[in-house]
Amino acid sequence: MIEKRLAACVNIFPNMVSIYSWQGATEEGNETAMLIKTVNTRVDEVLTTLKQLHPYDVPARLILPVIGGGEDFLRWIVAGSTQTDC
């Protein structure tokens, strides 16, 4: 994601315990969650890339809109998700 400039930053949260319903049964397992910081224009590419790379049949892929934040940080996200070179 970073090398392709699809995102400015990816945070990885390993060893999360997930309890969920799957195919009629309650399951529990360790999973890794990611927070991918990108811009609206890259969302479709990010979702497609995640689906291609993820081993699950139905990976959890959510879009959480940003309604505000530090202006300098938001500019960094835009710059890191859209430039073709550094």
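This is a short talk on the main pocket, one helix and one serine of the structure above.

Hi everyone, and thanks for coming. Please keep in mind throughout that this is a predicted model.

Let's start with the pocket. The largest one has a volume of about 1,400 Å³. Its lining comprises 38 residues, and those nearest the centre are Met34, Ile36, Ala60, Arg61 and Leu62. Two or more lining residues come from each of β1 (9-22), β2 (25-37), α1 (43-53) and α2 (71-82). Which of the elements gives the most to this lining? That is β2, with seven residues. If you are wondering about the chemistry, the lining splits into 28 nonpolar, six polar and four charged residues.

Now to α1, one of the elements that help line the pocket. Val43, Val46, Thr49 and Leu50 are buried in this helix. They sit on the same side of α1, because they cover an arc of only 130° around the axis. Turn to the face pointing away from that buried side, and you find the exposed residues Asp44 and Gln52. And what lies over the buried residues of α1? The cover includes β2, the strand that also gives the most residues to the pocket lining.

Last stop: Ser18, which belongs to strand β1. Is Ser18 buried or exposed? Its relative accessibility is 15%, so Ser18 counts as buried, the cut-off being under 20%. Its side chain makes a polar contact with the side chain of Glu31, at 2.4 Å. Setting aside neighbours within four places in sequence, Ser18 is in contact with Glu27, Glu28, Gly29 and Glu31.

That's my tour, and I'm happy to chat.

Note on methods. Residues are numbered from 1 along each chain as its sequence is written. This is a predicted model: local features need pLDDT of at least 70, side-chain atom pairs count only at pLDDT 80 or more; totals for chains, interfaces and linings use all residues. Side-chain values use heavy atoms; hydrogens and water are left out. On a 1 Å grid over the protein atoms alone, a cavity is a set of points where a 1.4 Å probe fits but cannot get out, and a pocket is an open set with protein on both sides within 12 Å along at least five of seven lines; lining residues have an atom within 4 Å of a point. Grid points are joined across faces, edges and corners, and a volume is the space filled by probe spheres set on the points. Helices (H or I, at least four residues) and strands (E, at least two) are DSSP runs, numbered from the N terminus. Ala, Val, Leu, Ile, Met, Phe, Trp, Tyr, Cys and Pro count as nonpolar, Asp, Glu, Lys and Arg as charged, and the others, Gly among them, as polar. Buried means under 20% relative accessible area, exposed over 50%, partly exposed in between (1.4 Å probe, protein chains only). The arc is that of the directions from the helix axis to the C-beta atoms. Contact means heavy atoms within 4.5 Å. A polar contact is a pair of N or O atoms within 3.5 Å; within protein, one must be able to donate a hydrogen and the other to accept it, and residues adjacent in sequence count only if both atoms are side-chain atoms.
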